[in-house]
Amino acid sequence: MLRPHTLKIVEIFTSLQGEGLRQGEPTIFIRFSGCNLRCSFCDTKYAWQRGRDYSAEQVVEKIKKIRERFPVGWVCLTGGEPLLQDLRLLIRLLKKEKFKVQVETNATLYYPLAADWLSISPKPKNFFFCAAYRRLAKEVKIVVTKDLRVRVVEKLRRAFPRTTPILLQPQSNTRWSQNLAKKLVREALKAGLANVRLSVQLHKIVRLR
Ligand code: SF4
């Protein structure tokens, strides 16, 4: 259930976007607490439990202060799973301050949001995503786990417009996962699937913060 009055947040920090098409862009991140999934490969398990309560107004004040020394245009709401909480007021206030807002979600939850960029990352085993994301997602990020096969990539590819990239992200940037990701990109190409790409997490290669 959405928590309307307070936002439980694990951390607010500055960095470069490490994932997806916005990779490399300086961004202020807000990491929300809690997740409705428990992926074995999760690299932010610390976000499942911890966190401090803030009002949306307090968060925006903090972000405005950060902007004084880190003058960026983008704020990324991430987790955990941010859509477990009610992000609408926060996004409204951020946009009033002329920020662009990216939301990263596992796509199992949906309610209308005035975000500028929705990054979705459906998770194994069923790779479920709410239907609204078919037209709203700017990118679909898939962690390349050991049992990922091209038929799953194909199913996802066919579910979204061709212009929405399917980004295969090696799990924790391990060698075996990089190799599997490259193999899957080749197999997707052979199967005639457009816009399937390898996408390495920048923060697993370069220390970004
Ligand atoms: S959905 Fe994301 S944050 Fe949640 S457990 Fe899976 S990897 Fe971690």
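In helix H1 of this predicted model, the residues Val 59, Val 60 and Ile 63 are buried. These three residues lie on the same side of H1, because they cover an arc of only 95° around the axis. The helix to which they belong runs through residues 56-69, so numbered along the chain, and its 14 residues reach 21 Å from the first C-alpha to the last, which is close to the 20 Å expected at 1.5 Å a residue. On the face of H1 turned away from the buried side, the reader will find the exposed residues Glu 57, Lys 65, Glu 68 and Arg 69.

What, then, covers the buried residues of H1? The cover includes four strands, namely S1 (7-16), S2 (26-32), S3 (52-54) and S4 (74-78), and it also includes helix H2 (88-96).

Some of these strands are also joined to one another. Strands S1 and S2 run antiparallel and are joined by seven bridges, and in this pairing Thr 14 stands opposite Ile 28 in S2. Strand S1 also runs antiparallel to S3, to which three bridges join it, and here Leu 7 has Tyr 54 of S3 as its bridge partner. In a regular strand, the side chains alternate between the two faces of the sheet.

Between S1 and S2 there is a loop, and Glu 25 has its place in it. Is Glu 25 buried, exposed or partly exposed? Glu 25 counts as partly exposed, because it has 16 C-beta neighbours inside 10 Å, whereas a residue needs 20 or more to be buried and 12 or fewer to be exposed. When residues up to four places away in sequence are not counted, Glu 25 touches Leu 16, Gln 17 and Trp 74. Glu 25 and Leu 89, on the other hand, are 64 residues apart in sequence and 25 Å apart in space, taken from C-alpha to C-alpha.

Further along the chain, Val 152 lies in helix H4, which covers residues 150-159. Val 152 is partly exposed, because 18 other C-beta atoms lie within 10 Å. From C-alpha to C-alpha, Val 152 and Asn 126 are 9.2 Å apart in space, while in sequence they are 26 residues apart.

The last stop is the ligand. Around the ligand stand Cys 35, Leu 37, Arg 38, Cys 39, Cys 42, Thr 44, Gly 79, Gly 80, Glu 81, Asn 106 and Lys 123. When these residues are sorted by class, the shell has four nonpolar, four polar and three charged residues.

How values were computed
Residues are numbered from 1 along each chain as its sequence is written. This is a predicted model: local features need pLDDT of at least 70, side-chain atom pairs count only at pLDDT 80 or more; totals for chains, interfaces and linings use all residues. Helices (H or I, at least four residues) and strands (E, at least two) are DSSP runs, numbered from the N terminus. The expected span of a helix is 1.5 Å times one less than its number of residues. The arc is that of the directions from the helix axis to the C-beta atoms. Two residues are in contact if their C-beta atoms, placed from the backbone, lie within 7 Å. A residue is near a molecule or strand if its C-beta atom, placed from the backbone, lies within 6 Å of it. Ala, Val, Leu, Ile, Met, Phe, Trp, Tyr, Cys and Pro count as nonpolar, Asp, Glu, Lys and Arg as charged, and the others, Gly among them, as polar. Two strands pair if DSSP finds at least two bridges between them.
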